[in-house]
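Thanks for making time this morning. I would like to walk you through one structure, going from the overall make-up to a sheet, then to the contact, and finally to a pair of helices.

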Amino acid sequence: MTENTDPRLAVEATGLVKHFTSGKKTTKAVDGVDLTIPTGSVFGLLGPNGAGKTTVVRMLATLLRPDGGSARVLGHDVVHDADAVRSAVGLTGQYASVDEDLTGTENLLMLARLFGFRGRAATQRVANLLEAFSLTDAGSRQVKTYSGGMRRRIDLAASLVLSPRVLFLDEPTTGLDPRSRNQVWDIVRVLVDDGATVLLTTQYLEEADQLADRIGVIDHGRLIAEGTSTELKRSVGQGAVEIRLADATQRAEAAAVVQRMLGTEPTLPTDPYALSARVPDDGAHLVAQLLPALGEAGIAVPEFSLGQPSLDEVFLTLTGEPLPADETSDGAAVEQEVAR
Amino acid sequence: MSAVDISTTTLREAVALDDRPARPSAVATSLTFGWRALLKIKHVPEQLFDVLVSPVIFTLMFTYLFGGAIAGSTDAYIQFLLPGILVQTIIIVTVYTGYTLNTDITKGVFDRFRSLPIWRPAPIVGALLGDTVRYTIASVMCIGLGLIIGFRPDGGVLGVVAGVALLLVFAFALSWIFTILGLLLRTPNAVMGVSMMVLMPLTFASNIFVDPSTMPSGLQTFVDLNPVSHLVTAVRGLMAGSAGWGDVTTVLISAVVMTAVFAPITMYLYRNRH
């Protein structure tokens, strides 16, 4: 239809736009997103609630028609060749769910039949999937009785009935305990090892860091940065110095020294003994002078370290806003928000 | 929770697929969704409560409350009332079509269906097929009770079955209105409320309970135009063995028209939902 398609690309989207209108107010949920995901890789779409992650996935999964731009999944246009896209894609997420009233077995059996498995082939396929996801015993129970982890596993199993080559996982671990979350991660790794392409949306930096080859940061419907985890971190700067004081009453004084030496404003976490500050670009040599300077000012520093910037800081730098409090992996961004 | 161990090998083998099965036909797909509707009845039998209880209450109440006053005796009235009450019961049950559809949407189940490579109307057609089972159960309840308290249809078994069949065709067609409401409104309860507002005048301002000849002329016109009245007349005729073919034809035509108009609207909304 349009330009020739690169067979090595599982997903390619250009200028995707989606508006939602409620009453007189029109919101641009997705505002010109370009995506390129090579076959066999994991792409993490990272952003806070309402950033447009789910809308992007829903457009790529043919559930929503884009208002602008175009997208192809394995070379098939999501609007004009939607059926071919549906045959190739598995979808799991907050908006594509299994039926809670039915049992796990019935849910999978229904999908197997809808995909064309018949009789024994269908039951066999379902039995294998249930076993692989440790759900054999739970198979005869209604899904509404499942725990959070089981629920997510049956959701994943449901999206794998036809062995899709591209998998869209919309916040696959939101609300899971760490153990169940690790299980989901392990499953994703196995699938990717076997050649599947995964597009994963997440609010968790750690998840993107752990699973994704490339990460796109999305905010207010726009992709504001893209790259590997390391590239994104590097784009922020040198990292940050973390300082722990012996005496909490000296924090203001220490902050002043840090500000003078590094030229960046220190962050003051909840812990009254701690402070941290970003190291400016080409400012590595200043860090070496900071510790003696603190000593001269009579401030005892039992702990002093130089850390890589976290993805929290990446997000903060890119958007000027921290990620929502409960999704940050440390307290710095939270404190920053309180301070503003 | 017991320890869960996901074995990599088992997972690989379970997911791997050498031959992708051929895509099933539209009929097979719809039947699978019909099977789902039956499973829902099995797992959530409470949903049948209305279907089972409302015909009993309505039939008993109207027969014994008004029978003597309207028709001289309860025995005479039940011959007139029962086909009408049957129609009313089934029509009210059609509301559940929209209600369950909306529940599926709110719970995210429908998006999974929409993401599948299947014949697009199948989830809705299948749900409607499953609903006909519900209608059949309600019909059996209603007629069974009628027979116990004195309903003696002259049309015999054949006439009764023909009456029920015609009613099911009409109900299937009418359901498309409720699928539209199910797709448009935000919550299952809103669907229920709006549907009842539509159904109340359609069922009460009809010839279900009384002969319209005593009604004011404006109301009589409405009753005459009301498709439910034609349905009731046709079902009465079939069950009494004196079917007016004109009424049966009118009902069939209105069923075709309703499907032709409302099914495409439903599918349009279904495809373009967000």
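Chain A holds twelve helices and 13 strands, and I should say at once that what you are looking at is a predicted model. Of the 340 residues in chain A, 48% are buried. If we take the contacts in chain A with a separation of 6 or more, 67% of them come from residues that are 24 or more positions apart.

Let me turn to a sheet in chain A. Four of the strands make an open sheet, and the order across it is S2-S1-S4-S5, with antiparallel pairing. At the edges are strand S2, residues 25–38, and strand S5, residues 76–77, both of chain A, and each of these pairs on one side only. As a reminder, the strands of a sheet pair through backbone hydrogen bonds, and they may do so in a parallel or an antiparallel way. Strand S1 of chain A, which covers residues 9–22, is joined to S2(A) by eleven bridges in the antiparallel sense, and one place to find this pairing on the screen is A:Ser22, whose bridge partner in S2(A) is A:Lys25. Helix H1 of chain A, residues 53–60, packs on the sheet and touches S1, S2 and strand S4 (68–73) of chain A, while the direction of this helix makes about 115 degrees with that of S1(A).

Now, how many residues does each chain bring to the contact between them? Chain A gives 42 residues and chain B gives 37 residues. On the side of chain A that touches chain B, at least two residues each are supplied by helix H2 (82–88), helix H3 (104–114), helix H4 (119–132) and helix H6 (178–193) of chain A. By character, the residues on that side of chain A are 20 nonpolar, eleven polar and eleven charged.

Finally, a helix pair in chain B. Helix H4 of chain B, residues 74–93, and helix H11 of chain B, residues 227–240, have axes that come within 9 Å and cross at roughly 130 degrees, and H4(B) and H11(B) are therefore oblique to each other. The crossing of these two, H4(B) and H11(B), is right-handed. Which residues meet there, in H4(B) and H11(B)? From H4(B) come B:Pro83, B:Gly84, B:Leu86, B:Val87 and B:Ile91, and they meet B:Val228, B:Leu231, B:Val232, B:Val235, B:Arg236 and B:Met239 in H11(B). The residues of this contact of H4(B) with H11(B) divide into nine nonpolar, one polar and one charged.

Terms used: Residues are numbered from 1 along each chain as its sequence is written. Chains are lettered from A and ligands numbered from 1 in the order in which they are written. This is a predicted model: local features need pLDDT of at least 70, side-chain atom pairs count only at pLDDT 80 or more; totals for chains, interfaces and linings use all residues. Two strands pair if DSSP finds at least two bridges between them. Two residues are in contact if their C-beta atoms, placed from the backbone, lie within 7 Å. Axes are lines fitted to C-alpha atoms, for helices over the stretch in contact, and angles run from 0 to 180 degrees between N-to-C directions. Ala, Val, Leu, Ile, Met, Phe, Trp, Tyr, Cys and Pro count as nonpolar, Asp, Glu, Lys and Arg as charged, and the others, Gly among them, as polar. A residue is buried if 20 or more other C-beta atoms lie within 10 Å of its own, exposed if 12 or fewer, and partly exposed in between; C-beta atoms are placed from the backbone. Angles under 35 degrees count as roughly parallel, over 145 as roughly antiparallel, 65 to 115 as roughly perpendicular and the rest as oblique. A crossing is left-handed if the near helix is turned anticlockwise from the far one by less than a right angle, and right-handed if clockwise.
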